[in-house]
Amino acid sequence: MINSKSQLAQWPCQIKLVPSNAPYLNNAHLLIASVCTAYAYANIHNEFMQGRITLVGCPKLDNVDYSEKLTEILKLNEIQSVTVLRMQVPCCGGMEMAVKKAIQNSGKAIPCAVKIVTIDGKIL
């Protein structure tokens with residue numbers, strides 16, 4: 001049975017709206033998720049959000065380079081790990097690339113895992 005309790009640990013969760021120096025970011029494990037993953041993957045709260053600070057965005061609709069904001073977040077905070085959750089569609093590749101670029105630009109060795117959700121709601 002799926003626990004229906006929300007695992008969202010902070011507000012806001014939109015990458016564009018999260019203050020780069022928000023106290024909840026320091027020493028955090030981050031989940032950086034493409035927006036559609038929350039609708040495609042039913043157990044996102046328990047499998048991915050629990051114990052992580054969740055940041056969401058859509059590289060196609062937001063039309064912004066997330067790597068700049070994410071680099072700032074990574075530089076200003078001690079981030080323990082990053083998990084990228086993206087859809088298996090070409091536009092979501094932008095989220096993965098932005099995170100990898102941000103980690104590189106931060107100059108820090110931050111562990112990063114990428115998980116891909118199929119359009120029928122499975123993890124690859």
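Here are some worked exercises on the predicted model shown above.

**Exercise 1. Find which residues of helix H4 are buried, and work out where they sit around the helix axis.**

Step 1. Start with the range: H4 runs over residues 66-76, and its buried residues are Tyr 66, Ser 67, Leu 70, Thr 71, Ile 73 and Leu 74.

Step 2. Look down the axis of H4: the buried residues fall within an arc of 165°, so they line one face of the helix.

Step 3. A general point helps here. An α-helix has 3.6 residues a turn, so residues three or four places apart point the same way.

Step 4. Now turn to the other side of H4, where Glu 68, Lys 75 and Leu 76 are exposed.

Step 5. Finally, see what covers the buried residues of H4: the cover includes strands S1 (29-34), S2 (53-57) and S3 (81-87), along with helices H3 (59-62) and H5 (93-106).

**Exercise 2. Describe the largest nonpolar core: which members touch the most others, and which elements supply it?**

Step 1. This core has 22 residues, and those touching the most other members are Leu 30, Ile 32, Leu 55, Leu 70, Leu 74 and Val 82.

Step 2. Sort by element: S1, S2, H4, S3 and H5 each give two or more residues to the core. H5 gives the most, with five residues.

Step 3. Take Ile 32 as a case to follow on screen. Leaving out residues up to four places away in sequence, Ile 32 touches Ile 15, Leu 55, Leu 70, Val 82, Thr 83, Val 84, Leu 85, Met 95 and Val 99.

Step 4. Do not stop at one core. There is a second, separate core of twelve residues, with Leu 31, Phe 48, Met 49 and Val 117 among them.

**Exercise 3. Characterise the largest pocket by its volume and its lining.**

Step 1. The space in the largest pocket comes to about 170 Å³.

Step 2. Its lining is made of 13 residues, and Cys 13, Ala 38, Met 49, Thr 54 and Val 56 lie nearest the centre.

Step 3. By element, S1, helix H1 (37-40), helix H2 (44-49) and S2 each give two or more residues to the lining.

Step 4. By residue type, the lining divides into nine nonpolar, four polar and no charged.

Step 5. Zoom in on one lining residue, Thr 54, which lies in strand S2. Its relative accessibility is 3%, below the 20% cut-off, so Thr 54 counts as buried. Beyond its neighbours within four places in sequence, Thr 54 is in contact with Leu 8, Gln 10, Cys 13, Leu 31 and Met 49.

**Exercise 4. Place Gln 50 and Ile 123 in the fold, and say how accessible each one is.**

Step 1. Gln 50 is in the loop between H2 and S2. With a relative accessible area of 45%, Gln 50 is partly exposed.

Step 2. Setting aside residues up to four places away in sequence, Gln 50 touches Gln 7 and His 45. Gln 50 and Leu 31 are 19 residues apart in sequence, and 9.4 Å separates their C-alpha atoms.

Step 3. Ile 123 belongs to the segment after strand S4 (112-117). Its relative accessible area is 30%, so Ile 123 is partly exposed too.

Step 4. Outside its neighbours within four places in sequence, Ile 123 is in contact with Tyr 41, Phe 48, Leu 85, Ile 116 and Val 117. Between Ile 123 and Asn 26 there are 29 Å from C-alpha to C-alpha, and the two are 97 residues apart in sequence.

Definitions and conventions. Residues numbered from 1 in each chain as written. Predicted model: local features only at pLDDT ≥ 70, side-chain atom pairs only at ≥ 80, totals over all residues. Heavy atoms only, no water. Buried < 20%, exposed > 50% of the residue type's maximum accessible area, 1.4 Å probe, protein only. Helix = DSSP H or I, 4+ residues; strand = E, 2+ residues; numbered from the N terminus. Arc of directions from axis to C-beta. Contact = heavy atoms within 4.5 Å. Core = buried A, V, L, I, M, F, W, Y, C linked by side-chain atoms within 4.5 Å. 1 Å grid on protein atoms, 1.4 Å probe; cavity = no way out; pocket = protein on both sides within 12 Å on 5 of 7 lines; lining within 4 Å. Points joined across faces, edges and corners; volume = space filled by probe spheres on them. Nonpolar A, V, L, I, M, F, W, Y, C, P; charged D, E, K, R; others polar.
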